[in-house]
Amino acid sequence: MSTGSAGKRAAANPFAGCGVVLALVRSGPGTSRAGLVAASHLSRATVSQRLAHLFQAGLVIETDETLPSGGRPARVLRVNPAFGAVLAADIGESSIRIGVTDLEATVLDHHLFACDLRVGPEATLTRIAAESETLLRRVRLDSRKVLGVGVSLPAPVDFSAGKVVGPSIMTGWDEFDICGWLGARLGIEAVADNDVNLLALHEHRSYWRDVDDFFYVKAGTGIGSGIFAGGAVYRGANGAAGDIGHIQLGVEDGPLCRCGKLGCVEARAAGWAIARDLRVLGIEAHDAKDVVALAEQNRPEVVKLLRQSGRVIGEAISDAVSILNPSVIIVGGTLARTGDRLLSGIRELVYQRCLPLATRQLTVALSQADFLGGLRGAAQLAINRSLAPERVDRMLGQWLARRPASRRRQKSEDSRSFV
Ligand SMILES: [Zn+2]
């Protein structure tokens, strides 16, 4: 392969710019060669040369699917899901699920174990690392193919530092370098975010990839939200964006929240708050799961409280809709399993409170994710980090060297026919 006109700049990276081409293939506009040329504003020859490197490394493949074009139908380009794998850990309040996925975040295998986060970060992460290695052996995956690890945390996260920021349920974890520790232990790059952002990431990547302005609400034991603005996760200055659970609505005589304030959205609408109100009515309930079970029996008291909970969440969301103008709102979390009983209250308030311009083309729907959503979101985060353009440019030489020469040659010949 030629290094082009790098000339005397001996240190120039011959693979510079390949990462951007890969990013366009991943995000959608580059699923055909013509689309890549249009979206990248590069010449056809440059795109072909960069694609040739990506084919040779085995990172991009041409599928049997075709797209209509002016002449011959164009074959669809995709990231090769089997090029590598990532590890993911979905840390909950009392259990941890770890998994290994391909580069489309399809789960190859996963494993759930009980944990008590109070044992502290080192003991917990040591267990995660050991269980991950067992899982990799079980799926017979060469550890050199594992590109990174993503971690979902049930707490606010300083994303750039990879640390939990208190106050949260993760007592003793504040300021611990989770990503640095786990990355060093496993010998791969680690990245972490809070659970709601990662549920939002999974939902967006799997079902709403073309939607740039997207709002995800998790309604379960607590209430939180994940925001996509202009196609990217919006975290705010300290990673606290989207914390709608502790917006205070009507402080006067409001119920006491877990955070110590009065009248928070969570204290009025979360699973534990509905359970509290049910107990006042003489109905045994302790958490969001109990509420869902009672809703499945169509208990009128529960149906009424769920609708009221939906209205409270809808009131909080309507402010966010006015500020962010999303085109899609997705409601997930344990309470979303009650379906329209919760959703109808949310819709009612959002359409009542927001201006018609903001709601004219607004979709409000239930999450489609299953119990692996958090794990797949963590995997997606690790994939995004592993395939970030600058990292691909840096790693491509090593990845090419790893590939058997016979396969590189064959791919090179295949790719020439595209030019
Ligand atoms: Zn609160």
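**Questions about a predicted chain**

Visitor: Through how many residues does a hairpin join S3 to S4?
Guide: S3 and S4 are strands of a predicted model, in which local features need pLDDT of at least 70, side-chain atom pairs count only at pLDDT 80 or more, and totals for chains, interfaces and linings use all residues. Residues are numbered from 1 along each chain as its sequence is written. Strands (E, at least two residues) and helices (H or I, at least four) are DSSP runs, numbered from the N terminus. The hairpin that links S3 to S4 has a length of three residues.

Visitor: In S4, which residue is the bridge partner of Val 86?
Guide: Two strands pair if DSSP finds at least two bridges between them. S3 and S4 run antiparallel and are joined by six bridges. In S4, Val 86 has as its bridge partner Thr 101.

Visitor: In S6, which residue is the bridge partner of Asp 90?
Guide: S3 runs parallel to S6, and six bridges join them. For Asp 90, the partner in S6 is Ser 152.

Visitor: How many of the seven residues of S3 are buried?
Guide: A residue is buried if 20 or more other C-beta atoms lie within 10 Å of its own, exposed if 12 or fewer, and partly exposed in between, with C-beta atoms placed from the backbone. Ala 85, Leu 87, Ala 89 and Ile 91 point one way from S3, while Val 86, Ala 88 and Asp 90 point the other way, and all are buried. S3 is largely enclosed by the rest of the structure, because the buried residues number seven of the seven.

Visitor: Which strands are the edge strands of the sheet with the order S5-S4-S3-S6-S9?
Guide: This is an open sheet of five strands with mixed pairing. An edge strand here pairs on one side only, and that holds for S5 and strand S9 (189-194).

Visitor: What angle does the direction of helix H4 make with that of S4?
Guide: Strand S4 (residues 95-101) runs antiparallel to S5 over seven bridges, and Ile 98 stands opposite His 111 in S5. Helix H4 (residues 121-138) packs on this sheet, touching strand S3 (85-91), S4, S5 and strand S6 (146-153). Axes are lines fitted to C-alpha atoms, for helices over the stretch in contact, and angles run from 0 to 180 degrees between N-to-C directions. By that rule, the angle between H4 and S4 is about 40 degrees.

Visitor: Is Ala 114 buried or exposed?
Guide: Ala 114 is found in strand S5 (residues 107-114). Apart from neighbours within four places in sequence, Ala 114 is in contact (C-beta atoms, placed from the backbone, within 7 Å) with Ser 94 and Ser 95. Because Ala 114 has 8 C-beta neighbours inside 10 Å, it counts as exposed.

Visitor: Which strands stand at the edges of the sheet with the order S12-S11-S10-S13-S14?
Guide: This open sheet also has five strands and mixed pairing. A strand with a single partner has one side left without a neighbour in the sheet, so the edges are strand S12 (232-234) and strand S14 (363-366).

Visitor: At what angle does helix H10 run to S10?
Guide: Strand S10 (residues 214-219) and strand S13 (residues 328-332) pair in the parallel sense over five bridges. Helix H10 (residues 300-324) lies across S10, strand S11 (223-229) and S13. The direction of H10 makes an angle with S10 of about 160 degrees.

Visitor: Which helix gives the most to the largest nonpolar core?
Guide: A nonpolar core is a set of buried Ala, Val, Leu, Ile, Met, Phe, Trp, Tyr and Cys residues joined through C-beta atoms within 7 Å. The largest has 113 residues, and those touching the most other members are Val 86, Ala 88, Val 149, Val 151, Val 291 and Ile 313. With nine residues, the element that gives the most to this core is H10.

Visitor: What is the radius of gyration of the chain?
Guide: The chain has 15 helices and 14 strands. The globule rule, 2.2 Å times the number of residues to the power 0.38, gives 22 Å for 419 residues. The chain is as compact as a globular protein of that length, because its radius of gyration, taken over C-alpha atoms, is close to that value, at 24 Å.

Visitor: What distance separates the centres of domain 1 and domain 3?
Guide: Domain bounds come from an automatic or database domain assignment. That assignment gives domain 1 (18-79), domain 2 (83-187 + 373-383) and domain 3 (209-366). Taken over C-alpha atoms, the centres of domain 1 and domain 3 are separated by 41 Å.

Notes:
Contact = placed C-beta atoms within 7 Å.
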